[in-house]
Structure formats: C-alpha cells, structure tokens
Amino acid sequence: MAIFERRYHQCNENIDDTILISCIIETAQEVNGHTEYLLRLQRGPSKENCWRLLKRYNDFVTLHKNFIKSGIPLSLPGKRLFGNMRPDFIAERRQALQQYINDILMNPILASSLPAKRFVDPDTYSQSFHDQAVQNALLCLRHENLWNLGTSLGAIGWRLRKHYFKVTPKPPDSKASNKLVKSSSQTHSQSKHFLASNASNNGSGSGSGTMFSTSIDLNKLEGCELVLEWSEYGPDKYIEEKELTGIFKSVTSLQHPHIESVVYAAHNESGCLTIRKFHKQGSLKDILCMATPKNTFLSKYGNPKGRTALSMKQVANYGKQILEALIFLHSKGFPYGHLHSGNVVIIDDCVKLLDIENYILGVPAFYRPFFVQHSKIHTPEAIDVYCFGHVLFEMAQGYPLQESVVRQISECPESLKNLLESILSRDACRTNLPTLEQLLNHTFFEQHAAGHSQLTNVDDTLKPHFKLTLNAKEMIKQAVQKAENRLRDEQKSVKNQKRIVRVQELMSSEEEKRKTKQKAKLEHKQSKLKQQASLQANNGRISLIATASGSVPEYADVASGATASSSSTIIFQRCDTTGATLTSPDHREPIFKSPPPTPSAYQRSKQASNHNQFAQQHSPGQSTSLANVERQSSTPNITTSDDHHGGNDNDVNEDNGLEKNRSALLESICKFNRGSLRKVRSND
C-alpha cells in the first residue's frame, strides 16, 4: 500500500545509529480477522524522515522475547483469548503498547540494540551485519596471509556495525622468509619480527584495500589473546581512501602508556579492521557492573546484578591518567571524541584508552544523543571534556548518568562535586566548558591523586610517540570542521524542535485554561439555577406551613389588580357544579363545609354592567362575547370591597335576608331523609 511506503529515500551514506527514533501508534484496524496497528516512525527532529509500518501484537511479543535476557522490566500487555476484537479492548491495548514502545526507545541500551532497530526500521537494519563483517575481514586478511580468523565473540559491544572475532597470528613459512629479518637491537636467540609492510592497491573492487602493520614481537604476543575488530565507516567520514593510508600508518605506530597500541590495521572502501590485545578483566564498565566481558551487551549492562564504585583515590588517579592521554592526543592535532567507560581498560592500576581510530572512521560517539542537546558543546575538546565528566561520574557513583545534565550529586567530596558541576551542570552546558588543562589542575586531583606523573615512571619503549604528517594534519582538520558543521546543524534542529514543542505546550495550556474557565462558568451557572430552584421549593413549603397554621386569606378584585396577602395561600378544589371548596393544605377537611354564597341580583347586575363598560372601552366589538364568557363561567362570583361599600343599607339588609333564607334552605336539604319517602303509583 502506498500509504505505508517511506516518505524519504535512504541515501547511500551510513546512517547515524545514535539518532533517536520516535514511534506513535496512530490507529488500529482489523485485517483478515486480526488486529494490526499503524505505527508512524520518525528519525530525529525532522518530519521529513518519517515512515509508517503495520505491526501485529505478535510482533511486539517477539520483540519482548529478545529483551528478556537484558533483565530490564518491561510491561507488555498480556493476551486475551476471548473478546480481543472488541473496540474498547483494542483501544486499551493500543495505549498499553504505546507505553511499551516508549519505554524501549527512551532506554539508551534497548534503543541501540539490533532487535529494537529492526522493529522500528526494518528496511535499514534488515541486512545481516555479521555476515558482511566476516566477508570484509577475510578480504582484508587474505592479501598478506598473516592471521587466522577465528570465531565471533558476539554482540559484546553497543555498536551495530562493529563486530569482534578471535584471531591468531600465522607462523612464518618458507615462502615468506625473505620478509623476516632480525632486529638490530636483539641477539640471534631473540625472535624474529614481521617487517612493517605498506601494500597499497588503488583498485575499487570489493577485494581492494590497504593493509599495514607495525613490527610484531612474537614473544610478546605469545600467550596473549588477540581480538579483531571490524567497523564500518560512519556518517562523519570525510577523509578520502588514499589519505587514510598514511593516517593509519601513524596510528599503528602510536605509543603512549595510557593508550592501547594497535597491533595490525587494514581498511577498504567499506570500513576498517584493527587487531588489539584482549584483556580478560574487561573494560572499566565491566568492572563497575561486575560483568563478564564476553557476555552480550544487553545481558551485561541492561540490568546488572551488582554495581560497585571506585574509591576517591582510584577515581582521581584514573581520571588524571585519562586527562593526560587526551591532552597528548589534542597536542598532536588528533581528536578522540569517543571516551566512555567501555573504551577504558585498567591494567595494573594503569589506564589505557581504546578505539582511538574511531574519529577518522567517522562513527558516532556514545554520548552524542546527550551533547547534541547543548549547542555550546561542538568542538572536539569540549566533547572530550563533556564525555570525561560522564566517565568521572560513573566511576564515583558506580552507575552511569542517564541524562545530559546532572541534577543532584551526593556522597562525594566537595571538591569532586565542584568538578562534576563544572562539567555536567545545566549552567555549565549552557556556557563554555573548562579546558582539559584546567581540569588537570583542579584541586580534586591535587588532593586525592598521586603527586607524581605516571609518564615519568615509564621506560623508553613506552615513551609517548605519535607523529602525523602535515598533509594528514590538514586532512584531519578539514574532517573536524565538517563534523562540527553537521553537529551544529543537528543541534539547531533539536533546538528548533524544542522551541516548537514548547510553543505547542503553551498553546495547549492556554486552550486548556480557556476550556477550564468555560467549564467553571457553566458549573457556576448550573449551581445558581439549582440554588434558585431550591429557594423556590423552600418558599412553597413555607407558604404551605403558613396556610396550615390558620392564616386568614385575603381576596382581591381581579379588575383592580390587587393581590392576596403573601402570608397565606388558598388551595381550590374543583367540585361538581356547585362552585369551589376551600380546603386545608393537608387536604383532609374543608375550611368551609357549605358552598360559597351566591351573589345577589343587584351585585350580578352591577358586575355585568362593569364588565360591559370595560369591554366597550377596550373593544366594542367584543363586549357581547365577554358578557357571554362571564355568564358561562363556572367559577363562583366573589363579592368585592366596592360592592360592599358602594350599595345602600337597604340593599345590605336585603342581601343578608336572602343569605339567611338560602342557608336555612340548604341546611334543610342536607337534613332531609330519603328513607321516609314512599313510592306512589298513579293510575295514569
């Protein structure tokens, strides 16, 4: 499907494996009776490097099995046999899988592993890096036929494109006797050396390359375990093939008491091959994690069973030796840039740095995801200073710093705390970091390190020696400038992305504030309406109570607009046709047992005349209809105050007499007994 195709094309250059890849599970869909999740992947801050993948739940299960050996706790949602196609269950599982993949990609050890890379970017990492490494190593070794390639040591390192093999030197044969000479400084009983050879082939085929080696003492190598390292070129490889020959020749001749020498080196158009001594005690990271050196990277450092920190004396001595080696390399115009605890070995209380050739190979640094977040860290010296701060922190605390800056330092001397804060604090990363010379002269090393320099106690065979040609220095300088430009561009992209995220957070917060304000207004309005309804209900109950307490109602004339008293309430119940009966609020018994009095003839005539006059004044054409409505109304006519005060005394007496007669008649009707009646038949 076209929607799942990549939006960008991979270039032929090697990809920086340290660039973080983000993953968002956009949606889930049902395909052929199972659920597939649509993943949107993005490499780095640029939205152009984006692609989409479809993954099933079983793909997450397979990925999880590869991480079990790491010992890192990961929360993968479990399976469900029934109801696994329900929309609510799929939505819940989608959120759980999103959290699971976030935990993997935010962990530097898991994110750099090959299973994680193949899961998020199968097109780039689906190839077999191990088979390619074996093929290239054999091609580089077959020209001189000096070494036997042994078995692979597995993924003992963190790099995906670097592989380790056992290697042994071949004994010299008769055909190569012309290449064997005796050293002028040795007697006839001493062993022979291989002459340094420099065979160059300018061909561009897969088997072409350049091999060179220093003179090798077989007696010194006897009993030593050697390791062959094959590494592919990285994205910062800016030195041409023909110039690499002279630089590698200088690297193989380098001597320093705190730098591990290279026994053999070769390179072709794909990468570089180096042979060094393998130290059974492992690297500094193996010592701190109490791990076995030949175990895989995930099992060693994922969740180590034990950790140990070094003493302050060891931290000061090892740190001082590392600074001396870095200062020596920078004085020769050769940057290191790859300092971390995995590239440091401790031999007889002496530090030795590994992989000094990584910078000219252009491979990314271990701490690149950290210092790419700080625009002030872009020069080779600043990078080495920053990496040295991480190594110093790990030696003192026993565990690595998982963030780009340090937040709190405890359980260490004040001098070490000041030293670490001068390198790893947020303020230090925003400004210029100290130089290597300034770090070497810090009070921490004066207080805890040995007073004498380690360089004064070495013999002449280990005197520092490293010579680069002017052309090699110029090529390295140009490569450094190009690497700095790429790093600055990436730092700008990261900074812009952070700014965009910050603006989006502010906008979302303003939107949330607006929604919260509207919600508060609505809730206030609803509470006010509820309060008003409650008050009305309470007023109704108070009126009923007042009526039940015996308050006398007051009537008012409808035409005059006067209302009844607010302290009493009258409840009318409709009777048959006799009028209305006033009842008490509890509806148990009527207040007046007899019907209301009927108005007199004079009152009826007066009310009719008043209504006719009112109708004629407002609508003459409707006077007749209003009179009819008045006569047809079943509501009893109630006398008003005007009727009582407007008539004369005779009218009042006449009304009282009629009222008495009517009451007596009604009372006699009520007392009449139907049982005394008898039926009479007529003859008609």
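## Cavities and a buried helix

Five elements each supply at least two residues of the lining of the largest cavity: β5 (162-169), β10 (226-232), β12 (271-277), α9 (284-289) and α10 (297-301). Of these, α10 gives the largest share, three residues. Keep in mind as you look around that this is a predicted model. Its mean pLDDT is 77, with 69% of residues at 70 or more.

The count comes to four cavities of 30 Å³ or more. Here are two of them, side by side.

| Cavity | Volume | Lining by class |
|---|---|---|
| Largest | about 490 Å³ | eleven nonpolar, eight polar and nine charged residues |
| Second largest | about 280 Å³ | 15 nonpolar, five polar and three charged residues |

To find the largest cavity on screen, try I156, Y164, S283, G342 and L354, which lie nearest its centre among the 28 lining residues.

For the second largest cavity, with a volume of about 280 Å³, 23 residues form the lining, and D236, Y359, R368, I383 and A483 are the closest to its centre. Two or more lining residues come from each of α12 (358-361), α13 (368-371), α14 and α19 (470-548). The largest share, six residues, belongs to α19.

Helix α14 deserves a look of its own. It covers residues 380-397 and reaches 26 Å from first C-alpha to last, close to the 26 Å expected. Because 17 of its 18 residues are buried, α14 is largely enclosed by the rest of the structure. After α14 comes G398, with a positive phi near 90°.

Two stretches call for care: pLDDT stays under 50 over residues 1-12 and over residues 174-208.

How values were computed: Residues are numbered from 1 along each chain as its sequence is written. This is a predicted model: local features need pLDDT of at least 70, side-chain atom pairs count only at pLDDT 80 or more; totals for chains, interfaces and linings use all residues. Side-chain values use heavy atoms; hydrogens and water are left out. Helices (H or I, at least four residues) and strands (E, at least two) are DSSP runs, numbered from the N terminus. The expected span of a helix is 1.5 Å times one less than its number of residues. Buried means under 20% relative accessible area, exposed over 50%, partly exposed in between (1.4 Å probe, protein chains only). pLDDT is the predictor's confidence in each residue, from 0 to 100. Contact means heavy atoms within 4.5 Å. On a 1 Å grid over the protein atoms alone, a cavity is a set of points where a 1.4 Å probe fits but cannot get out, and a pocket is an open set with protein on both sides within 12 Å along at least five of seven lines; lining residues have an atom within 4 Å of a point. Grid points are joined across faces, edges and corners, and a volume is the space filled by probe spheres set on the points. Ala, Val, Leu, Ile, Met, Phe, Trp, Tyr, Cys and Pro count as nonpolar, Asp, Glu, Lys and Arg as charged, and the others, Gly among them, as polar.
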